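Thank you all for making time this morning. I would like to walk through one chain with you, and I will begin at one helix before turning to a pair of helices and then to the whole.

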Amino acid sequence: MNSWPAERLRTWWDDFDQQTQPVVRLAGQQAVVKAALDEFVQALPASVEVIRLGVGDPDAEARLRDAADDLAFGTPAVAARLVIVDDLDARPSGIGQVLMMAADAGSLLRCGVRIVIGPSTQPEQPAQLTHDGVLSIDADGYVHPRPALLDRVTAWAADPDGPGVLLVVGAPGTGKSFLLKDCLRVLDELPDTAVAFASIRAWVLQSPVDAQMSDLAGGLTQAFRSEGLDFTALADSVLTDVPAPVVQVEQTIGVNYGEVVGVRQVTSGRPEKVVDAIVAALTARAAAGAATTTLMLVLDALDEWETYGLAGLGALRSLLSRHQSFPAWNFKVLLSSQYRPDWLPAGATVDLDHEDAGPDLRSYALTRLAIAVPEESERVALAHRVAALSRGLFLVAAGYLDEIIHGDLTAADLADVPVARNAVDYCSQALGRIRDRYFEERGRAAGWLDAERFLSMLAVLPEGRSADDMLASWREPGVPTSTDWYFVRDSLAESPVRRYFAADETGSVYRFIHPAVRQAVAALHPRNEQTGVAAERRRWILRHTPIGRPDTAWDPVGRRAALAEVGTVLADLLAAAAGRAPLPDEHGLAEARGWVRELLEQWTWIETSIAHADPTAALPLGLPRVLQQIELILKADPALADDELWTQPRPVPLPAPAPPREPAPAATRPRPGRQQGLAHVRNAHVAEVLSGRATFATREQARARLDAIRRRYQLSRESKLLDDPYQIILFIRGYGLGPAELSQGRKGHYAKFSVVPLVGSRGRWVIRAQRHESSAGDPLPPSPPSRYPNWSKLPHIVGNPVTSRKAPTLYHTLQDAESALKRLRDKYPDAAASLPGKLLLRVYDRSGPTERASGKRFVLANTELVIVRVPAGFQIEARIVSHMSPKGTTVSHEEFLRLEREQE
């Protein structure tokens, strides 16, 4: 197979009988996913029954129903079945059935059915795809091999006399994480070498770095067991003996005016115990002569261990300090970092800043462009230009390639793009292009303010923010953005901004894809001060901490992020105010300094952080975290080190922020200028409910979403007769229609939406949809479909005489464009005929002149729909050939235009 995603799918399929994950969830660019699925399906044995929805297979739905029935009755399939949904956003007919099947992994495994579901732009995953039986594959997660660097790593790993530590160092975006990820693949293939534990940064799926020392020890324990060794003492002390936190120290702390007694440090001592256990186990293994296999640890982003003050950093340093014993233990550690920490022992180094990455970048670009740019000479030229612009940074190259593949940059654009100084500079330029081209040049300036504020909110904390926090913080008086958080979220999911942030697997936490994006957002000059990062940092301080509200206590559970990150946000405020050009922001600097005084002079922050330390938590708190936060503040503003706390007047507390406005009650009229219309299955909120994805942590959140739907769409009069105020009945276009109803021209059905507890969950709520038979009759009378399409029924194509606000649809591959023509032919069989590369179509058009003899209008336009090549892919162009009257009279398009001019 030629593509990495197709190869990964084939590996998954070949393990059919031993699988525990019968469902694959694909992510990535639609063109890449579709090409991979085509390649994967083509390579499958003929005995596999492939049911592929949304690609024009007329029998797919019937065969899907058969598979669902077999699944329901537990009937094993005669042959292996594979159900494929190319594009989840397209919501093909039968998708609800597929999601219900995907929720039951056990039945899929027993009945020999497998499911592959393609990408979605929505940040939240369907609830049916969040269980352990789902394998996630990122089609864009291709790691391009760098053979020369891999050879150096494998040579170090295989050298018994070499240093025990190898550090891969390089600036942000040089490809450290990708290199380590590829090293894992290569090291696993080396004889007498085993990777016992690996932690590779994955910002999309987890916190920046989430390795715990207990995880590391657990990996070593499994490695020992695979060698037939019994180190139960290690396993017992690390994995099962988790001591409860105890009061370890009661400190007496000296301050300017005397002593403060009673600040307690609570600790379990667990990381130190882990290191002792690892050292003892490795020593015992070597003493027994069993250290025949090189055990390896692979740890990414060592600089982030320092930046985020992770609890395990001290224990890791303690382990690495024994590096002189590594050769005797046959033990090696592979690390990456943006710099070499001064405490790290000397060892081998791979410095990516001084490597010639040009050939690797060109090869990487050629691979990524293989689908989007079929013409070889054009592809080679683009690859060379991308490599030159990237200056050795794979992150920058990946960004340029994404812009090219999505049609945001052309070859002509690349010729004028300035070379980025670093990854942050590139991200700033890319966001500026999105602002100018996608939003402001298209008359969407208000949409950019929404996007700018969303990005600014996300930039406040390094590890991202929860969706619930974003929702609760969105409504703010005086901010010139939309008040509808869900509208903003759904709009951004369909915009180019979506490429720069991601949600975790549950859709509950948003993060930037790389730290460089956060720095770039912080450096942007906001179009409005109220939507910038500085304003969001202030709002976060005043909303999430007791600063400015002295009577408020720190909440160690609900506000754990505030306890852990308040110093980070204050340091960012100080640094931004001091570094503002051309002059420092004196007001902002004074305000931030006052807040620092308030934080440190009110000991509740320090005491609460120490009293609720938990070394196993993602935000561990404790004394090391407090010291790390204070160090960040002093680094941002060294002058604070000279302040004498408590001896100077306390800063005047700032006023508390105004509470967010409550959502309008259900009976509120729709906003002026927006009329309530009928719902459609393609509306984001409606589709979310119909698919079962409208799940929420609290009942209030579910009710707020139902109220938003109530305000936006026209309800049935029967809704007023319902006893439950959190039930509504509405007509949904396209809902529940079978083939017979479609042929009769029926437009949709009624549904009842209700807020109910989610069965089998721990306190979650769901908006459930049920088919409802209404006595009121359909608001849209049935109308049998026309034999001929009119111009508005055609896709967005070049040359369509009906003007549209949307640009012509861009197809990334020729196959995509051909599929669009095939769908038109299948939809209008009496009006269409296929020819190579084009479709002959009769289009209904009553806007033209009349025939002289009969006085009847020419109502049919004989049109050629031709696939044309454009710089970023393919488009469909309409070329009108002739026109017909009801009597069958035909005139050329030129004669038609002449008659039209005469009759104006």
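**One helix, one pair, and the chain**

Let us start with helix α32, residues 893–902, in which the buried residues are H893, F896 and L899. If you look down the axis of α32, these buried residues fall within an arc of 120°, so they line one face of the helix. It helps to remember that an α-helix has 3.6 residues a turn, so residues three or four places apart point the same way. On the other side of α32, by contrast, E894 and R901 are exposed. What do the buried residues of α32 pack against? Their partners are two strands, β24 (873–884) and β25 (890–892). I should say here that this is a predicted model, so please keep that in mind throughout.

Now to the pair of helices, α14 (residues 358–368) and α16 (residues 394–405), whose axes come within 11 Å and cross at roughly 25°. Because angles under 35 degrees count as roughly parallel, α14 is described as roughly parallel to α16. The crossing of these two, α14 and α16, is right-handed. On the α14 side the contact is made by D360, L361, Y364, A365 and R368, while α16 contributes F394, A397, A398, L401, D402 and I405. Sorted by class, the contact of α14 with α16 has 8 nonpolar residues and 3 charged ones, with no polar residues.

Finally, the whole chain, which has 32 helices and 25 strands. Of its 904 residues, 49% are buried. Among contacts with a separation of 6 or more, 70% are between residues 24 or more positions apart.

Key:
Residues are numbered from 1 along each chain as its sequence is written. This is a predicted model: local features need pLDDT of at least 70, side-chain atom pairs count only at pLDDT 80 or more; totals for chains, interfaces and linings use all residues. Side-chain values use heavy atoms; hydrogens and water are left out. Axes are lines fitted to C-alpha atoms, for helices over the stretch in contact, and angles run from 0 to 180 degrees between N-to-C directions. Helices (H or I, at least four residues) and strands (E, at least two) are DSSP runs, numbered from the N terminus. Angles under 35 degrees count as roughly parallel, over 145 as roughly antiparallel, 65 to 115 as roughly perpendicular and the rest as oblique. A crossing is left-handed if the near helix is turned anticlockwise from the far one by less than a right angle, and right-handed if clockwise. Contact means heavy atoms within 4.5 Å. Ala, Val, Leu, Ile, Met, Phe, Trp, Tyr, Cys and Pro count as nonpolar, Asp, Glu, Lys and Arg as charged, and the others, Gly among them, as polar. Buried means under 20% relative accessible area, exposed over 50%, partly exposed in between (1.4 Å probe, protein chains only). The arc is that of the directions from the helix axis to the C-beta atoms.
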